[in-house]
Amino acid sequence: MAATASMMQSFGPNLSAQNDLVPDWTRTEVSTGTTIMAVEYDGGVVIGADSRTTTGAYIANRVTDKLTPIHDRIFCCRSGSAADTQAIADVVAYQLGFHSIELDEPPLVETAAHLFKASCYRYREELTAGILVAGWDRRRGGQVYCVPIGGMLVRQPVSVGGSGSTYIYGFMDSNYKPSMSKEQCLELTATALTLAMERDGSSGGVVRLASISEDGVERRVILGNQLPKISTH
Amino acid sequence: HCRMGQEERTSGGGLSTTILAIEFDGGVVLGSDSRVSAGASVVNRVMNKLSQLHDKIYCALSGSAADAQTIAEVVNYQLDVHSMEIGEDPQVRSAATLVRNISYKYKEELSAHLIVAGWDRRKGGQVYATLNGLLTRQPFAVGGSGSSYVYGFVDAEYRKGMSKEECQKFVVSTLSLAMNRDGSSGGVAYLVTIDEHCTEEKVILGNDLPTFYDQPPKYP
């Protein structure tokens, strides 16, 4: 039995490679090849993401929620491997919840960002995770922290991430101005995500937005037919 | 693995770059950066990548510097012969077709993408993309490694029916944004404006390029 089993194993991968009984995407890792964005404004942050999760060329989930709550006023935007980012977010949410109970006050966004950095840097060889941490706290107001693949940590007023982000660096650089209002940030994020979704095959679906401030979290969804119109069409 | 990343294959004299061309009513505007890199080294920081194919037809070079320059030289020669044969100025589409024929025939050996743009009497200003051996006319075209960063910007900012001055401003802003984000693009911006009456070449130095929110203000 053992001999037969080991023979079967060596034939297995060759069989699937040679015939189409098993499609390619069953063997590809699930990834949130994606576009995510976070913008600070005076009094809070606006975050946004597309909603496509792919395994190879198959869209495993076309209505994914990549904006994950870590605490009441702290969210993270996930890009990279879906499994890795979900696992890290779970760990950080636990650590932050514990820390907040010890402190007996709401945690700082900077603390959440450092917890993400600690996990992403320590396990950098095993992980593929690009994360934007954004939220509001009483000490510094709205903040956005970028933890890209590799585990660096940097605070930026506006940041984009994911495979679709390359296409919107130019748009972001030219259209972001310091001291924008919440409505302007929401419009900027929705337009930027729409532009990226048009150009990046791994991004698409709907646009999910959230704004976080002292008053709480407001979430909204912009469906495909309601997205801003692009002039090149 | 990425088509715009042709520069990854070139270790010596790669024109990883940002190029673009846009059509307006009555002509075209072409723009490019000026950096030629070999690995991490910049071997030429003031290279003009807008190459003349005929009086009113230019092309913008990207990818392998050697391949792109050679294609441009060969097509320049072929266009001269062709225009003598027909006894008048060649059409922009003819120039683009000559470039496309070389790019397609030698697509395995070559690693260059040329955007062909110009003005002719029959169809006015035209822009043609010849990536990987296809031929397509577009209102505007971007290319090179830096172009990935500005797809969103050009999609959002392009409007039909822009004037010549608006097109020039569009090209300069796009180049500036791409040069800020792409390590393989930089230096100065070269601009060529072609219309019925004249062909104007311009250089915009680094400190005269537009700046954006995260850059310190320009010195007077």
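1. Across the interface of chain B and chain A in this predicted model, the rule finds two salt bridges. Asp155(B) forms one with Arg199(A), where the closest N and O atoms are 2.9 Å apart. Arg181(B) and Asp173(A) also meet through their side chains in a salt bridge, with 3.0 Å from N to O. Arg181(B) lies in helix α4 of chain B and Asp173(A) in helix α4 (residues 169–175) of chain A, so this pair joins two chains.

2. The two partners in that second pair should be described separately when you speak of their surroundings. Arg181(B) is partly exposed, its relative accessible area being 32%, whereas Asp173(A) is buried, with a relative accessible area of 3%. The cut-off needed to follow this is that a residue counts as buried under 20% relative accessible area.

3. How many residues of chain B are in contact with chain A? The contact involves 16 residues of chain B and 19 residues of chain A, and the area buried between the two chains is about 1600 Å², with carbon and sulfur atoms giving 62% of it. On the side of chain B, the residues that lose the most area to chain A are Tyr149(B), Asp155(B) and Tyr213(B), which together make up 41% of what that side buries. Asp155(B) therefore deserves a second look, since this residue also takes part in the salt bridge with Arg199(A), whose closest N and O atoms lie 2.9 Å apart.

4. Between chain B and chain A, four residue pairs are in polar contact, counting those with both residues at pLDDT 80 or more. Two helices of chain B, α3 (151–157) and α4 (164–181), each supply at least two residues of the side that touches chain A. The largest share of that side, six residues, comes from α3(B).

5. Over all chains, the count by this rule comes to twelve salt bridges, and some of them lie within chain A. Lys182(A) and Glu218(A) meet through their side chains in one, at 3.1 Å from N to O. Because Lys182(A) lies in helix α5 (residues 182–199) and Glu218(A) in strand β13 (residues 216–222) of chain A, the pair ties together parts that are 36 residues apart in sequence. Glu218(A) also forms a salt bridge with Arg220(A), the closest N and O atoms being 3.3 Å apart, and Lys182(A), Glu218(A) and Arg220(A) are thus linked in a network of salt bridges.

6. Are the members of this network buried or partly exposed? Lys182(A) counts as partly exposed at 23% relative accessibility, Glu218(A) is partly exposed with a relative accessible area of 40%, and Arg220(A) counts as partly exposed at 34%.

7. Helix α3 of chain A (residues 109–122) offers a check that a student can follow by hand. At 1.5 Å a residue, its 14 residues should span 20 Å, and the end C-alpha atoms are 20 Å apart, which agrees. The expected span is 1.5 Å times one less than the number of residues.

8. Which residues of α3(A) are buried? They are Val109(A), Ala112(A), Ala113(A), Phe116(A), Ser119(A) and Cys120(A). Seen down the axis of α3(A), these buried residues fall within an arc of 130°, so they line one face of the helix. The buried residues of α3(A) pack against several elements of chain A, namely β6 (67–71), β7 (74–81), α2 (82–103), β8 (129–137) and β9 (141–147).

Methods. Residues are numbered from 1 along each chain as its sequence is written. Chains are lettered from A and ligands numbered from 1 in the order in which they are written. This is a predicted model: local features need pLDDT of at least 70, side-chain atom pairs count only at pLDDT 80 or more; totals for chains, interfaces and linings use all residues. Side-chain values use heavy atoms; hydrogens and water are left out. Helices (H or I, at least four residues) and strands (E, at least two) are DSSP runs, numbered from the N terminus. Buried means under 20% relative accessible area, exposed over 50%, partly exposed in between (1.4 Å probe, protein chains only). The arc is that of the directions from the helix axis to the C-beta atoms. Contact means heavy atoms within 4.5 Å. Buried area is the accessible area (1.4 Å probe) that two parts lose on being put together, summed over both. A salt bridge is a side-chain nitrogen of Lys or Arg within 4 Å of a carboxyl oxygen of Asp or Glu. A polar contact is a pair of N or O atoms within 3.5 Å; within protein, one must be able to donate a hydrogen and the other to accept it, and residues adjacent in sequence count only if both atoms are side-chain atoms.
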